[in-house]
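Please look over the sequence and the three-dimensional structure shown here before reading on. The report is meant for someone who has not met this structure before.

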Amino acid sequence: MSGKNFTRLALGSLLVAGGVSGCSPLRLLTPGQRLLSRVKVEGTEKADAERLQTLVQQKPNSTFPLPKVAIYQLGRSFYNAERIQRKLQEDRTHYDQLIKAAGTDSAEVGKLLTKRERHTRRHQLALDKGNAVMRLGEPPVIYDSSLTATSVDQLGIYLKSKGFFRSSVSATDTVPTRMFSPLRIFTLRSPFHADSQRVTVTYRIHEGPAFHYSQLDYDIADTAISRRVLLSQPQSLLRVGDQYDEEQIGAERSRLENLLKNQGFYDFRQQYITLEADTSFAPTTVRLRTMVAKPTRGEQHRLYTVRQVNVVTDAGLVRFGQQRDTIIRDSVYYLAYKHKFNTKALDLKLAVRPGDAYSLSNTQLTQRQLSGLDMFRFSTVTYRRVRGPEAPADSARGLLDATVNASPAKKFQETSEFGATSVAERIGPFGNVRLKVRNVFGGAEILEFGLRAGFEGQYSLTGPIEDVTDRQSVLTTQLGANVNLVLPQFLVPWRANRFLSQYNPRTRFNATYTYVYRPEYTRTNAEGTFDYIWQRSAFHQFVLTPVDVSIIRTADVNEQFATILQNLLIQQGSPLYRSFDNLFIPSFNATSLYNSNDFNQTRDGYYLRLFGELGGLTRSLYQKQPLINNQDNPKANRLKTYDFAKFTADYRRYYKLGPNSYFVYRLAAGAATALTSTRIVTRDEGGATVGDETAYLIPYDKYLFAGGSSSVRAWKPRRLGPGSSTQYKLDPKDPTKFLEVNGQRVRDYNLEQPGELLLEGNVEYRFPLYSFIRGALFTDFGNVWAIRQDPRPGAQFRFNEFYQQFAVGSGIGFRFDFTFLILRLDVATKVYDPTAPGSKWAIRKFSLAEDQTAFNLGIGYPF
């Protein structure tokens with residue numbers, strides 16, 4: 001190293017050292033205070049170490065992904081509490097004077113009170129928690145020995161609750177923290193040193209032997225209760241030989257309470273159940289006795305039967321002097337001032353029936369099923385004990401009258417959305433209007449209409465241009481409409497019974513029409529589906545679509561664009577031209593969706609979506625080969641049908657690391673392939689044959705694509721792949737040749753890349769930043785490939801090289817969580833690009849250009 005470079009390095013090191021020392025949190029300590037630098041829990045062998053860590057009352061400052069103490073110090077450098085206090089007092093005095101001057105003008109006084117509250121609240125927040133920058137950071141954690149003592153107690157209680165009855169916990173807080181400071185080398189000192197102003201707290205755990213159940217006994221005086229509890233022993237959460245666990249004991253108490261409530265014991269409560277542990281027999285063993293006490297009054301717990309069920313379908317509506325009309329169906333009384341709901345549809349949703357024993361699960365199921373109808377704002381089920389002369393003489397039995405109160409929602413619900421997009425240097429307005437009509441035919445049906453219209457900027461693929469590397473920006477038109485009818489039961493030729501109602505069955509008819517106009521083409525898509533929808537549980541939904549029919553027509557394709565499509569096929573093997581054919585796509589499909597998370601993804605949960613589809617199986621009955629393709633007049637082509645199969649799987653795992661931090665990963669795969677070959681004969685305007693090919697073809701929309709805001713985010717939507725194949729632009733002046741600039745071919749990043757096989761994954765760490773703002777660090781990988789022989793070099797999937805063709809992108813994200821709406825911005829850059837000619841490591845050429853870095857705006861989390 002030259003002397004000049006060494007001098008620069010030394011000066012830089014001194015500057016860094018000065019900056020680090022200036023930002024040191026030790027400068028904020030007062031005499032006698034120490035900074036909590038590290039917490040260790042040692043000695044755990046069988047106990048849950050992660051759970052023990054969460055019980056520690058005081059934790060050091062977090063440094064990942066942001067140095068929060070440094071941010072706090074930055075804000076503190078220009079924080080002046082006296083000035084804020086003075087400003088707070090000035091605002092109070094100012095608004096008090098204005099309020100006094102407003103006199104008896106209540107409206108003006110109300111406005112001033114609101115303003116005063118807003119201003120004083122902001123100043124008070126700054127006084128209590130610091131300015132905005134300080135709140136974004138984190139104040140230094142000053143070591144508190146009392147919290148260490150509390151932590152020792154909490155750790156001991158937890159260990160004993162897990163069966164470590166002879167455990168002990170101790171803490172050491174006098175050990176200075178051993179620090180590594182590489183800059184000390186420049187002062188000829190060891191880089192390791194002990195810092196007495198920092199403290200490391202070490203909790204030492206001595207677990208001792210774990211106690212296990214040697215015997216499980218029951219002491220239940222009530223014979224009716226005893227019989228039911230003993231019969232449920234196979235479902236018990238406690239087993240002989242299991243380790244003692246108070247958490248499991250609590251869960252067992254809840255299980256027994258629900259068991260008895262579901263078998264008619266309306267008055268039963270968990271407080272009647274006691275579990276007594278005895279460790280005095282054999283060493284490290286526990287004899288556990290489950291005792292159920294008698295009620296305070298009476299000798300036995302009372303078994304209740306539902307005598308009568310009343311359903312009020314217009315709860316909350318009051319009409320003085322008028323009585324509700326009553327309709328009786330299957331011994332259930334339906335009451336309303338005016339009956340608007342078909343009692344047959346409601347009857348299928350009632351799990352609470354006259355003559356049945358009281359059941360908590362049936363009560364909850366009734367509420368869920370009525371809520372699932374989307375007919376009522378709320379629904380409740382209440383019970384009244386039958387007393388007096390009507391009550392049974394048998395003291396061990398009781399009667400209940402159930403009342404279901406359902407408050408109807410608005411019959412008509414309209415939602416609208418208007419906005420604009422900025423794409424290709426053009427502002428494109430859009431609007432969506434949806435109308436929902438409830439109970440349209442009186443049977444709790446839902447009818448929905450939707451209209452959408454939008455203009456979006458796109459770069460023209462044809463037309464004269466001055467610079468061959470640029471394209472003209474144009475506005476495209478997209479119009480659409482859909483109608484959706486949902487029935488609250490399965491529409492089947494046989495009579496549906498009440499057993500299916502517990503799965504919330506629905507039948508859906510849907511029709512959609514889409515019109516797209518661009519200077520290059522005009523395309524329409526009409527689709528109709530018939531679906532059966534049901535839920536196995538609150539988390540698991542199935543959709544079976546026995547009928548799914550689409551008709552895709554290309555009304556117009558200009559001559560220049562048709563030439564481009566043909567040249568893309570000839571020179572690069574691109575199947576893009578197939579999306580502009582006239583297609584008839586009949587299919588049936590099924591979907592299984594399991595999702596244990598919520599809308600805001602705040603749980604430790606799972607997600608699994610499986611989808612399978614078969615299409616065109618009957619095409620041999622009405623379509624003979626070869627299929628004729630008119631090269632010069634595509635809109636004159638008859639509808640073509642291809643047979644195909646498609647399967648996709650999407651698995652996601654959400655790990656909750658802290659109150660607002662999560663680790664999430666996603667793995668997705670899919671395959672789409674033709675079942676039989678198709679022969680297509682292409683003819684020109686004069687009828688002469690210009691092409692004759694036999695290939696395995698599938699509809700373009702059934703291909704698989706990678707890239708986009710919910711896929712590999714560093715690539716544009718549907719633009720990644722296939723494999724290691726590189727796509728180049730065609731020369732607009734001569735579409736039979738590739739475009740070259742300075743003797744080099746120009747890559748095409750805007751051409752869609754369909755594939756028959758998809759493999760991709762995502763890894764993301766989510767963490768809080770400030771208030772409602774969340775951050776994310778992520779890495780995505782994936783690609784698509786062709787399954788069969790493909791003319792595009794490197795596009796075909798091969799076992800010995802596919803792992804080298806995974807595209808990789810990384811980035812950061814910002815999410816604005818408004819609870820009811822989540823806005824997302826993800827910035828992703830390419831790390832490894834398998835389609836790049838030469839070096840594949842795109843990160844070496846990092847830039848914010850659109851061919852390297854993508855900015856993704858969206859609503860909701862990407863996965």
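The sections below go from the whole protein to two of its sheets, then to its aromatic side chains and to a single arginine.

## Overall picture

The model described here is a predicted one. The protein holds 863 residues, of which 42% are buried, and its secondary structure comes to 13 helices and 34 strands. Taken along the principal axes, the C-alpha atoms fill a box of roughly 100 × 95 × 80 Å.

Among the contacts in the protein with a separation of 6 or more, 65% are made by residues that lie 24 or more positions apart.

## The sheet β4-β6-β5 and its helices

Three strands make up an open sheet in the order β4-β6-β5, and their pairing is mixed. Its edge strands are β4 (212-220) and β5 (273-278), each of which pairs on one side only, and the twist from one strand to the next averages 20°. Strand β5 and strand β6 (residues 285-292) run antiparallel and are joined by six bridges; within this pairing, Glu276 has Arg289 in β6 as its bridge partner.

Helix α8 (residues 223-231) packs on this sheet, where it touches β4 and β6, and its direction makes about 150° with that of β4. Helix α9 (residues 246-261) lies across β4, β5 and β6 and runs at about 145° to β5. The two helices also pack against each other: the axes of α8 and α9 are 11 Å apart and make an angle of about 115°, and the crossing is right-handed. Where they meet, Ile225, Arg228 and Val229 come from α8, while Leu256, Leu259 and Leu260 come from α9.

## The sheet β21-β24-β25

Another open sheet is formed by three strands in the order β21-β24-β25, again with mixed pairing. The strands at its edges are β21 (627-630) and β25 (689-695), and each of them pairs on one side only. Neighbouring strands of this sheet are turned by 25° against each other on average, with direction ignored.

In general, strands of a sheet pair through backbone hydrogen bonds, in either a parallel or an antiparallel manner. Here, β21 and strand β24 (residues 678-683) pair in the parallel sense over four bridges, and the bridge partner of Asn630 in β24 is Arg683.

## Aromatic rings

The structure contains 37 aromatic pairs. In one of them, the rings of Phe490 and Tyr532 have their centres 5.3 Å apart and their planes at 80°, an angle over the 60 degrees that marks such a pair, so this pair is edge-to-face. Phe490 lies in the loop between β15 (473-487) and β16 (506-517), whereas Tyr532 belongs to strand β17 (residues 521-535), so the pair ties together parts that are 42 residues apart in sequence. Both partners are buried, since Phe490 has a relative accessible area of 17% and Tyr532 one of 15%.

Phe797 and Phe799 also form an edge-to-face pair, with 5.2 Å from centre to centre and 80° between the planes. Phe797 counts as buried at 17% relative accessibility, whereas Phe799 counts as exposed at 69%. These two residues belong to one aromatic cluster, which is formed by Phe781, Trp785, Phe797, Phe799, Phe802, Tyr803 and Phe806.

## Charges over rings

Arginine side chains also meet aromatic rings in this model, as two cases show. The charged end of Arg653 sits over the ring of Tyr655 at 4.1 Å from its centre, and the charged end of Arg788 sits over the ring of Tyr696 at 3.9 Å from its centre.

## The surroundings of Arg384

Arg384 has its place in strand β10 (residues 376-385). With a relative accessible area of 45%, Arg384 falls between the limits of 20% for buried and 50% for exposed, and therefore counts as partly exposed.

Which residues does Arg384 touch, not counting those up to four places away in sequence? They are Arg307, Leu399, Leu400 and Asp401. As for Leu400, which is 16 residues from Arg384 along the chain, the C-alpha atoms of the two residues are separated by 5.5 Å.

Note on methods
Residues are numbered from 1 along each chain as its sequence is written. This is a predicted model: local features need pLDDT of at least 70, side-chain atom pairs count only at pLDDT 80 or more; totals for chains, interfaces and linings use all residues. Side-chain values use heavy atoms; hydrogens and water are left out. Two strands pair if DSSP finds at least two bridges between them. Axes are lines fitted to C-alpha atoms, for helices over the stretch in contact, and angles run from 0 to 180 degrees between N-to-C directions. Rings of Phe, Tyr and Trp (its six-membered ring) pair if their centres lie within 6.5 Å; planes under 30 degrees apart count as stacked, over 60 as edge-to-face and the rest as tilted. Buried means under 20% relative accessible area, exposed over 50%, partly exposed in between (1.4 Å probe, protein chains only). A charge sits over a ring if NZ of Lys or CZ of Arg is within 6 Å of the ring centre and within 35 degrees of the ring normal. Contact means heavy atoms within 4.5 Å. A crossing is left-handed if the near helix is turned anticlockwise from the far one by less than a right angle, and right-handed if clockwise.
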